[in-house]
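I opened this notebook to record, step by step, what I looked up in one protein model. Each entry states a topic and then what I found.

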Amino acid sequence: MAKPKSNFRCTSCQHTMPKWVGRCPDCGAWGSVEEAPALAAAVTGRPGATAARGGAALVPNSPAMPISEISGTSSLAKPTGVEELDRVLGGGLVPGSVVLLAGEPGVGKSTLLLEVVHRWARRDPQDRALYVTGEESAGQVRLRADRTGAVHERVFLAAESDLATVFGHVEQVRPTLLIVDSVQTMLAADVEGVTGGVTQVRAITSALTSLAKTTGIPVLLIGHVTKDGAVAGPRSLEHLVDVVLHFEGDKHSTLRMVRGVKNRFGAADEVGCFELREDGIVCVSDPSGLFLHHRDDAVAGTAVTVTMDGKRPLLGEVQALVAHTTMPSPRRAVSGMDSARVAMVLAVLERRFGIKVSDKEVYAATVGGMRVTEPSADLALALAVASAFRDVALPTGLVVLGEVGLAGEVRRVTGVGRRLAEAKRLGFTHAVVPRDSGDAPPGFRSVEVGSLGEALRVLDGLPAAPAPRPRLRPVT
């Protein structure tokens, strides 16, 4: 039997090397290399098996177990108390998980996580939250906490940017939740590179991930984004963490959305809605009211549609205005929609159905800062433009769904049943949908069309008297 060999392994990144060194060549940690006994190929009973691969088999720290004997209770999520964030996380924070929250400056990331640590500490007397800020002073964070009502005796605050000192705070406070604001401002003294650089960010994220996995403390990281909206830093940063969330919002609107991009513990297409106010950030459980204009009488040039943002149906209002002009190049102004799809719908209306808008100015927009990107709003846009062109209002209580093709056909969209159920819940009574869309909810009338021309004829045949005004639930 061959003599057992010894390899050396880094306790931080598990990198293996044939001899001992003071500093790990992979992660750069000092004093983390320890001897790890290895088994030669002859011990495994397969001579030359590992030698052919150029290495030896390491003795595992813990033996492999049958999956039926592994407990799943250790990975149960614990709610944070912020309902919309828990929806996106899949129920809450899993012990030992690392969550990356990315967003533009000033969108409200720090305000949201300050609310998270406040509710986390308030839920259980055994819970403590440590908020580490590298961008602001402790006094600035305290002022924000006073303004938002997030002051609690079990919320600990540290204004620190050195990673080793942050680990010292963790050992002293022993929190059950760690917030790092932001990962680009942290600095590891034993790692080369400038603050916020690729090497520093990767090393710091790896160290915080190792801390979370070994201690079971969930870690929430705030990350910056580039001009293109992607997470700043190396692409591997998103692979190191368990959950990646994008915090989105228009600076001219109070609406904020947390969108899941990656989630190892739940669905990655959930969306949480918030409203940013002067006294903090609040959850919006029923955001459709923000995207609908409340009026008593029907107005020409408006149509209501239902979009799917992840798994969440949202009602939104599409508005269009067609105006005469003496300019040789009529203006096209679009807000909240894809300008390319708006131009396509206008071309289909003029070429296929005689609604000539090439010599008129056309304005198209959504209500409440809503962003409509999916093609299911094409039919609503087309009917809104036709309504504005003819100066005839669509009936209230009507929702419109469908994708419009270049030949004027109306194509099916996904999740029609869920969209119509949401429309019925908010008080709408009838809808125009593509063919073969399935049965409508009980008590709800749906008219199926195969082309845009059929949709225009159906609308001409709808009752002129306005339907009962939908009763929208108040936004809470």
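**Entry 1: Serine 182**

I began with S182 and found that a polar contact of 3.4 Å joins its side chain to that of H224. I noted that a polar contact is a pair of N or O atoms within 3.5 Å; within protein, one must be able to donate a hydrogen and the other to accept it, and residues adjacent in sequence count only if both atoms are side-chain atoms. I recorded that the model is predicted, that local features need pLDDT of at least 70 and side-chain atom pairs pLDDT 80 or more, while totals for chains, interfaces and linings use all residues. Residues are numbered from 1 along each chain as its sequence is written, and side-chain values use heavy atoms, with hydrogens and water left out.

I located S182 in the loop between β8 and α5. Is S182 buried or exposed? S182 is buried, because its relative accessible area is 0%; buried means under 20% relative accessible area, exposed over 50%, and partly exposed in between, with a 1.4 Å probe and protein chains only. Leaving aside neighbours within four places in sequence, I listed G134, E135, I222 and H224 as the residues in contact with S182. Contact here means heavy atoms within 4.5 Å.

**Entry 2: Strand β8 and its partners**

I then turned to the strand β8, residues 177–181. Helices (H or I, at least four residues) and strands (E, at least two) are DSSP runs, numbered from the N terminus. Five of the five residues of β8 are buried. L177, I179 and D181 lie on one side and L178 and V180 on the other, and both faces are covered.

Which strands pair with β8 in the parallel sense? One is β6 (residues 129–133), over five bridges, and V132 stands opposite V180 in β8. Another is β9 (residues 219–223), over four bridges, and L178 of β8 stands opposite V219 in β9. Two strands pair if DSSP finds at least two bridges between them.

I also noted that β8, helix α5 (residues 198–215) and β9 make a right-handed β-α-β unit. A crossover is right-handed if, with the strands pointing away from the viewer, the path from the first strand over the helix to the second runs clockwise.

**Entry 3: Leucine 114**

I found L114 in helix α2, residues 109–123. L114 counts as buried because its relative accessible area is 4%. Its contacts, leaving aside neighbours within four places in sequence, are Y131, V141, R144, A145, T148 and A150. I computed the separation from Y131 as well: the two residues are 17 apart along the chain, and their C-alpha atoms are separated by 7.9 Å.

**Entry 4: Helices α7 and α8**

How far apart are the end C-alpha atoms of α7? They are 21 Å apart, which agrees with the 21 Å that its 15 residues (339–353) should span at 1.5 Å a residue. The expected span is 1.5 Å times one less than the number of residues. At the start of α7, a side-chain oxygen of D338 reaches to within 3.2 Å of the backbone nitrogen of A340. The buried residues in α7 include V342, V345 and L349. G354 follows α7 and has a positive phi, near 75°.

Helix α8 (residues 378–390) has 13 residues and reaches 18 Å from its first C-alpha to its last, close to the expected 18 Å. I noted that 11 of its 13 residues are buried, among them D378, L383 and A388. D391 follows α8, and its phi is positive, near 60°.

**Entry 5: Strand β15 and proline 328**

I looked next at β14 (residues 302–309) and β15, which run antiparallel and are joined by eight bridges. Their hairpin has two residues between the strands, and G310 takes a positive phi near 70° there. β15 also pairs with β17 (residues 360–366) in the antiparallel sense, over seven bridges, and the bridge partner of Q319 in β17 is A365.

P328 is in the loop between β15 (312–324) and β16 (332–335). P328 counts as exposed because its relative accessibility is 76%. P328 and D359 are 31 residues apart in sequence and 7.9 Å apart in space, C-alpha to C-alpha.

**Entry 6: The whole chain**

I closed with the totals: the protein chain has 10 helices and 22 strands, and buried residues make up 47% of its 476 residues.
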